[in-house]
Amino acid sequence: VKIEDLGVDRQVTIYRGMTPFDALLKLASMKTEYYESFGASIVVEIGGLQQSWGYCVNGVEPLVPMQDYQLSGGDNLELIILSW
């Protein structure tokens, strides 16, 4: 899991059904807000840094919310600040 803006670059053991949201919970505190227009919760703070956060897996930004994407062993997860 890489969060460049917070200087985090750590390995997390993946278990079956694990999501990027689950992996993030292992590394940092966070806050979410539900956005009805997206139909999903968005991470709005990680480790005290208030931003709208998105994610990439293996360099690709998935089209599903962070809590719905299923990680696989060997995936590279990166949390990124979104610009609207």
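Is Trp53 buried or exposed? Trp53 counts as buried, at 2% relative accessibility. Keep in mind that what you're looking at is a predicted model. The chain has one helix and six strands, and they come in the order β-β-α-β-β-β-β when you read along the sequence. Two salt bridges turn up, and a handful of buried residues give a decent tour of the inside.

**Overall build**

- For 84 residues, a compact globule would have a radius of gyration near 12 Å, and the chain agrees with that at 12 Å.
- Lay the C-alpha trace along its principal axes and you get a span of about 30 × 25 × 20 Å.
- As for burial, 35% of the 84 residues count as buried.
- The accessible surface is about 5,400 Å², and carbon and sulfur atoms own 46% of that.
- If you take the contacts between residues at least 6 apart in sequence, 41% of them join residues at least 24 apart.
- On the charge side, there are 5 positive and 11 negative charges, and their mean positions sit 10 Å apart.

**Trp53 and its surroundings**

- Trp53 belongs to strand E5, and its 2% relative accessibility is under the 20% cut-off, so it goes down as buried.
- Skipping residues up to four places away in sequence, Trp53 touches a long list: Ile3, Asp5, Ile42, Val43, Val44, Glu45, Ile46, Met66, Leu79, Ile80, Ile81 and Leu82.
- Lys2 is 51 residues from Trp53 along the chain, and the two C-alpha atoms are separated by 13 Å.

**Ile46, a partner of Trp53**

- Ile46 sits in strand E4 and is buried, with a relative accessible area of 0%.
- Besides Trp53, the contacts of Ile46 beyond four places in sequence are Ile3, Leu6, Leu24, Ala28, Ser29, Met30 and Leu79.
- Ile3 and Leu79 therefore show up in the contact lists of both Ile46 and Trp53, given that contact means heavy atoms within 4.5 Å.
- Ile80 is on the Trp53 list; its C-alpha is 11 Å from that of Ile46, with the two positions 34 residues apart in sequence numbering.

**The two salt bridges**

- Lys31 and Glu45 pair up through their side chains, with an N to O distance of 3.8 Å. Lys31 is in strand E3 (residues 30-35) and Glu45 in strand E4 (residues 40-46), so this bridge ties together parts that are 14 residues apart in sequence.
- The two ends of that pair have unlike surroundings: Lys31 is partly exposed at 48% relative accessibility, whereas Glu45 is buried at 12%.
- Glu45 also appears among the residues that Trp53 touches.
- The other bridge joins the side chains of Lys2 and Glu4, at 3.9 Å from N to O.
- Here Lys2 is partly exposed, with a relative accessible area of 33%, and Glu4 counts as exposed at 55%.

**Ala40 and Thr19**

- Ala40 is another strand E4 residue, and at 5% relative accessibility it counts as buried.
- Leaving out residues up to four places away in sequence, Ala40 touches Glu33, Tyr34, Tyr35, Pro65 and Gln67.
- Ala40 and Met66 are 26 residues apart in sequence, with 8.9 Å between their C-alpha atoms.
- Thr19 is in the loop between strand E2 (8-9) and helix H1 (20-25), yet it counts as buried at 6% relative accessibility.
- Outside a window of four places in sequence, Thr19 touches Met66, Gln67, Tyr69 and Leu71.
- Gln67 is a contact of Ala40 too, and Met66 is also touched by Trp53.

**A backbone spot to check**

- Asn58 has a phi near 55 degrees, which is a positive value in a residue other than glycine.
- You'll find Asn58 in the loop between strand E5 (49-57) and strand E6 (77-81).
- Asn58 is partly exposed, with 42% relative accessibility.

Note on methods: Residues numbered from 1 in each chain as written. Predicted model: local features only at pLDDT ≥ 70, side-chain atom pairs only at ≥ 80, totals over all residues. Heavy atoms only, no water. Salt bridge = Lys/Arg side-chain N within 4 Å of Asp/Glu carboxyl O. Buried < 20%, exposed > 50% of the residue type's maximum accessible area, 1.4 Å probe, protein only. Helix = DSSP H or I, 4+ residues; strand = E, 2+ residues; numbered from the N terminus. Rg over C-alpha atoms; globule rule 2.2 N^0.38 Å. Areas by Shrake-Rupley, 256 points an atom, 1.4 Å probe, with all protein chains shown as cover. Lys, Arg positive; Asp, Glu negative; His and termini not counted. Charge placed at Lys NZ, Arg CZ, Asp CG, Glu CD.
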